[in-house]
Amino acid sequence: LTIGVDAQFTNNAAAVSGEGYGGAIYALASGESSTIPLTIGDNAQFTNNTAAVSGEGYGGAIYAYTSGGTSVLTLTIADNVQFVSNTAAVSGEGGGMGGAIWASPEVSTSLTLSISKNASFLYNYADDGGIGYLSLSNPKYFHISFGENAKFISHRGSSFYFVVTKSRGGSFSIGENSIIENCKSFMSTSLFGLSNFSVTIPKAT
């Protein structure tokens, strides 16, 4: 699936009540050895999207999940993307995970999330992971990367939340000259089962 340049995703909601997944985009690779490539062109905007208005929400703007055998999900977003005021859940006892992005590769699957330069994440919110929540359970591999000049300005709380179990190889990286502001914590990580996970954040302010 390819989405061209200047795409706008505004004021979308996956669910009014109950559980909601991906306010703007829901990407699922669940079949044996299935492959989902999703590419979004330059200048995309994700604004005020909500996974769940009332209930449990996962991924205010984007929900990406792989399960079943050797499934592969690749999400590539080009230059100048903006994620602004997206929310996993507005209200509800369950709260929300991943204000902008929720992603999870399950056993033996692979996930690559690549966002190019000049990305902006502004005032996105979730109870866990205001920008992104990533749950990784024994994946074959996962790679999360952001290009240079990224801007991460938190609404409140943590920006990224990772739960990693038995990962054989995973990485998270941010390019040079990125800006990180107004975060209680930029990254919270829980590692289980001898996981291998590397983080690279050079020259951020």
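This report describes a predicted model, taking up its parallel sheet, a surface patch and one buried serine.

## Basis of the model

Because the model is predicted, local features need pLDDT of at least 70 and side-chain atom pairs count only at pLDDT 80 or more, whereas totals for chains, interfaces and linings use all residues. Residues are numbered from 1 along each chain as its sequence is written, and side-chain values use heavy atoms, with hydrogens and water left out.

## The parallel sheet

Seven strands (DSSP runs of E, at least two residues, numbered from the N terminus) make up an open sheet with parallel pairing, in the order β1-β6-β11-β16-β19-β22-β25. Its edge strands, β1 (2-3) and β25 (197-200), each pair on one side only, where pairing requires that DSSP finds at least two bridges between two strands.

Within this sheet, β16 (residues 110-115) and β19 (residues 141-146) are joined in the parallel sense over six bridges, and Ser114 stands opposite Ser145 of β19.

## A nonpolar surface patch

Val16, which belongs to strand β3 (residues 13-17), is exposed (over 50% relative accessible area, 1.4 Å probe, protein chains only), its value being 63%. Together with Val53 and Val90, Val16 forms a nonpolar patch on the surface with about 260 Å² of accessible area (Shrake-Rupley method, 1.4 Å probe); the residues of such a patch have over 30% relative accessible area and no salt bridge, and nonpolar side chains are joined within 5 Å. A salt bridge here is a side-chain nitrogen of Lys or Arg within 4 Å of a carboxyl oxygen of Asp or Glu.

## The surroundings of Ser159

Ser159, in strand β21 (residues 158-165), is buried (under 20% relative accessible area) at 1%. Leaving aside neighbours within four places in sequence, Ser159 is in contact (heavy atoms within 4.5 Å) with Gly129, Gly130, Ile131, Gly132, Ser154, Cys183, Ser185 and Phe186.

Technical notes: Patches are made of residues with over 30% relative accessible area and no salt bridge: like charges are joined within 9 Å, nonpolar side chains (Val, Leu, Ile, Met, Phe, Trp, Tyr) within 5 Å. Helices (H or I, at least four residues) and strands (E, at least two) are DSSP runs, numbered from the N terminus.
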